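Please work through the exercises below with the sequence and the structure at hand, and try each task before reading its solution.

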Amino acid sequence: MAKSLHNLGQLSYDLGQINKAIYYFEEALALYQTVQNLYYTAWAIFDLARAKVKKKQLTIDASFLSHFPPPPYDNSTVQGLRYMLDGLLAETQGQWKKAIHKWSQALQTEGLDYLLQLFCQEALARLTLQEWKADQSFEALQAIQSQLNEYERLCLANHLFADLCKVYLLRAKFEETLCR
């Protein structure tokens, strides 16, 4: 039942029905906690945080965040999700360097599912673009180009053409900014 609710949340999120997604993620989270499934509890908390970010409702003191499984983690996915959650929180506070560091840590987590790698690559591309806007140095330019290339390679290697479109859109935004 919990996994079905979680899947409905992900579908609602993908369809842009964020309030409905939040409802389903909260319901799934409650059930995962009831059966003490730490793996899916971590997933539900991360997905709930993503949805709350979309609604600009994520704060560092959100009560559901305290339910994230505590370390040590015996599952690399849970460790990766922790880094990703920390990255999201840093983003909401405008701490770009810390966010980049956390998303990078998540991406380097051994055995991280390629779907989570995609989340990381997208976040890193978006954040390095944000950083470049603030610091238009040659190093920042190289960082955004490198990040977009890494994101593109992951998409091509896994035949993820919808995500590849995101890469090209980010690259177009970057090149438009360069031309100004």
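The exercises that follow concern a predicted model, and each one is solved step by step.

**Exercise 1. Find out how many disulfides the structure holds, and explain the result for cysteine 120.**

Step one is the count: the structure holds zero disulfides. Step two is the cut-off, since a disulfide needs a pair of cysteine sulfur atoms within 2.5 Å. Step three applies this to cysteine 120, whose sulfur lies 13 Å from the closest cysteine sulfur, that of cysteine 155, and is therefore too far away for a bond. Cysteine 155 is in no disulfide either, as its nearest cysteine sulfur, in cysteine 165, is 9.2 Å away. As a last step, consider accessibility: cysteine 120 counts as buried at 0% relative accessibility, and cysteine 155 counts as buried at 0% as well.

**Exercise 2. Determine which parts of the chain are tied together by the salt bridge between glutamate 91 and arginine 126.**

Begin with the contact itself, in which the two side chains of glutamate 91 and arginine 126 meet with an N to O distance of 2.7 Å. Next, place the partners: glutamate 91 belongs to helix α4 and arginine 126 to helix α6 (residues 114-134), so the pair ties together parts that are 35 residues apart in sequence. Finally, compare their surroundings, where glutamate 91 counts as buried at 14% relative accessibility, whereas arginine 126 is partly exposed at 35%.

**Exercise 3. Describe the salt bridge between aspartate 163 and lysine 166, and name the network that it belongs to.**

The closest N and O atoms of aspartate 163 and lysine 166 are 3.6 Å apart, and a salt bridge requires such atoms to be within 4 Å. Both residues lie in helix α8, three residues apart, which is about one turn of the helix. Aspartate 163 is buried, with a relative accessible area of 17%, while lysine 166 is partly exposed, with 37%. Salt bridges with shared partners then join Glu122, Asp163 and Lys166 into one network.

**Exercise 4. Locate lysine 56 and histidine 159, and state whether each is buried or exposed.**

Lysine 56 is in the loop between α3 and α4, and its phi is near 55 degrees, a positive value in a residue other than glycine. With 77% relative accessibility, lysine 56 counts as exposed. Histidine 159 sits in the loop between α7 (138-157) and α8 (161-179), where its phi is likewise positive, near 55 degrees. The relative accessible area of histidine 159 is 58%, so this residue is exposed.

Definitions and conventions
Residues are numbered from 1 along each chain as its sequence is written. This is a predicted model: local features need pLDDT of at least 70, side-chain atom pairs count only at pLDDT 80 or more; totals for chains, interfaces and linings use all residues. Side-chain values use heavy atoms; hydrogens and water are left out. Helices (H or I, at least four residues) and strands (E, at least two) are DSSP runs, numbered from the N terminus. Buried means under 20% relative accessible area, exposed over 50%, partly exposed in between (1.4 Å probe, protein chains only).
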